[in-house]
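Visitor: I have a model on the screen and a few minutes to spare. Could you walk me through it?

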Amino acid sequence: MEPGTLPIDTLLLLRFLKLGAAMLLCAGTVGAFLPRDLEDRRRAAYFLAGPGFGLSWAIGFVLAWARGHSPLSPWILGSLVLSLVSLNAVLWATGREGRRTSAGATIALGSLAATVALMVWQ
């Protein structure tokens, strides 16, 4: 199948799934910093942010292919790097007690917001 030949219904479904994955990632990122208990923060990181990250990447690559975008486009590469920074900040913060800092939360949420901005304003 050639790039850009998916039916519009399939593209809309993929966009909806990508939004859901991004929401899952965002919820997990927030949940990795707000709760007081480390186990609750870890659950958010491992069961929300992690799967949301993986789904976002997988669906994003399919959408990029379907829309004919090169995976080496600057906005895609920037989004990949920024989302990876965000996930690593989440995992670092939940790796051990005492790592939940406002700087870590700022890095995680700021790079996630920048990723969304690159996705929206390609």
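Guide: Start with two helices: α3 passes α4 in a left-handed crossing. Keep in mind that this is a predicted model.

Visitor: At what angle do α3 and α4 pack, and are they roughly parallel or antiparallel?
Guide: The axes of α3 and α4 lie 8 Å apart, at an angle of about 155 degrees. Angles over 145 degrees count as roughly antiparallel. Therefore α3 and α4 are roughly antiparallel.

Visitor: Which residues of α4 meet α3?
Guide: On the α3 side, the residues include W75, L82, V85, A89 and V90. They face a set in α4. That set is G104, I107, A108, S111, L112, A114, T115, L118 and M119.

Visitor: How many helices does the protein have in its secondary structure?
Guide: Read along the sequence, the pattern is α-α-α-α. There are zero strands. The helix count is four.

Visitor: What does the C-alpha trace span along its principal axes?
Guide: The protein has 122 residues, and buried residues make up 35% of them. Along the principal axes, the C-alpha trace spans about 50 × 25 × 20 Å.

Visitor: Which helix gives the most to the largest nonpolar core?
Guide: The largest nonpolar core has 13 residues. L25, A32, F33, A49, V90 and A108 have the most contacts inside it. At least two residues of this core come from each of α2, α3 and α4. The helix that gives the most, with four residues, is α3.

Visitor: How many residues are in the other core?
Guide: Another core lies apart from the largest one. Among its residues are L6, L11, L14 and I59. Its size is six residues.

Visitor: What is F33 in contact with, leaving aside its neighbours within four places in sequence?
Guide: F33 is among the residues with the most contacts inside the largest core. Its contacts beyond those neighbours also include two arginines, R41 and R100. The full set is R41, A89, V90, A93, R100, T101, G104, A105 and A108.

Visitor: Which residue forms a salt bridge with R41, and where does it lie?
Guide: The closest N and O atoms of this pair are 3.6 Å apart, within the 4 Å cut-off. R41 sits in helix α2, and its partner is in the loop between α3 (74–93) and α4 (102–120). The two are 56 residues apart, so the pair links distant parts of the chain. The partner is E97.

Visitor: Is R41 buried or exposed?
Guide: Its partner E97 has 51% relative accessibility, so E97 counts as exposed. R41 has a relative accessible area of 0%. Buried means under 20%. Therefore R41 is buried.

Visitor: How far apart are the N and O atoms in the salt bridge of R43 and D40?
Guide: R43 and D40 are three residues apart in helix α2, so about one helical turn separates them. R43 counts as partly exposed at 44% relative accessibility. D40 also counts as partly exposed, at 37%. Their N to O distance is 2.7 Å.

Visitor: Which residue forms a salt bridge with R42?
Guide: R42 and its partner both lie in helix α2 (residues 38–66), three residues apart. Their closest N and O atoms are 3.3 Å apart. The partner is partly exposed, with a relative accessible area of 38%. The partner is E39.

Visitor: How many salt bridges does the count come to?
Guide: R42 pairs with E39, R43 with D40, and E97 with R41. The count comes to three.

Conventions:
Residues are numbered from 1 along each chain as its sequence is written. This is a predicted model: local features need pLDDT of at least 70, side-chain atom pairs count only at pLDDT 80 or more; totals for chains, interfaces and linings use all residues. Side-chain values use heavy atoms; hydrogens and water are left out. A salt bridge is a side-chain nitrogen of Lys or Arg within 4 Å of a carboxyl oxygen of Asp or Glu. Buried means under 20% relative accessible area, exposed over 50%, partly exposed in between (1.4 Å probe, protein chains only). A nonpolar core is a set of buried Ala, Val, Leu, Ile, Met, Phe, Trp, Tyr and Cys residues joined through side-chain atoms within 4.5 Å. Contact means heavy atoms within 4.5 Å. Axes are lines fitted to C-alpha atoms, for helices over the stretch in contact, and angles run from 0 to 180 degrees between N-to-C directions. Angles under 35 degrees count as roughly parallel, over 145 as roughly antiparallel, 65 to 115 as roughly perpendicular and the rest as oblique. A crossing is left-handed if the near helix is turned anticlockwise from the far one by less than a right angle, and right-handed if clockwise.
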